[in-house]
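Okay, thanks for coming, everyone. Let me put the model on the screen and we'll walk through some charges and one helix.

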Amino acid sequence: MTLTGQPAPDFTLPASTGQDITLSSYRGHKNVVLVFYPLDFSPVCSMQLPEYSGRQDDFTDADTVVLGINRDSAYTHKAWAAEYGIELPLLADLNLDVARRYGVALDERGISGRAVFLIDREGQVRYQHVETTPGEYTVRPDDVLEKVKAL
């Protein structure tokens, strides 16, 4: 399923920051990168999200916000973020509803796959990459920043 060129499915989810975040609230103001990942505290995710967080200034300079999403609770996200120094909002998609709308839910495993979606200021999906398996991590923050700069 490809969403590229289509309006991004909207959602509101609780975040590690203590508030609810609504995707459409960024429309007209910021690009958004959604980073779907399987589980907090897992080995590959514990590398991926800190890498994105470490590039937050570069994304901010490009008028882009990065949001991590998985099925863990906002409380688990907060603990994981504190332990790994992750400063990005991490969103709790407890029932995988958002992951299903983006075509990345792995219902048989109870997790989302690893995927990246770039949504422009108008709310259109401009780029998507879904890893073949949840253990792969091939699209790095530098790759996504290049896509943002090409908008």
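So, a warm-up: is Asp 97 buried, partly exposed or exposed? Asp 97 counts as partly exposed, because its relative accessibility is 38%; the cut-offs are under 20% relative accessible area for buried, over 50% for exposed and partly exposed in between, with a 1.4 Å probe and protein chains only.

Quick housekeeping: this is a predicted model, where local features need pLDDT of at least 70, side-chain atom pairs count only at pLDDT 80 or more, and totals for chains, interfaces and linings use all residues. Residues are numbered from 1 along each chain as its sequence is written, and side-chain values use heavy atoms, with hydrogens and water left out.

Now, salt bridges, meaning a side-chain nitrogen of Lys or Arg within 4 Å of a carboxyl oxygen of Asp or Glu. The structure has seven. In one of them, Asp 97 meets Arg 100 at 3.0 Å, N to O. Those two sit three residues apart in helix α4, so about one helical turn separates them. (Helices are DSSP runs of H or I, at least four residues; strands are runs of E, at least two; numbering goes from the N terminus.) Arg 100 also bridges to Asp 107, with the closest N and O atoms 2.8 Å apart.

Over to helix α3, residues 74-84: Ala 74, His 77, Trp 80 and Ala 81 are its buried residues. They're on the same side of α3 because they cover an arc of only 120 degrees around the axis, taken from the directions from the helix axis to the C-beta atoms. The face turned away carries exposed Tyr 75, Lys 78, Ala 82 and Glu 83.
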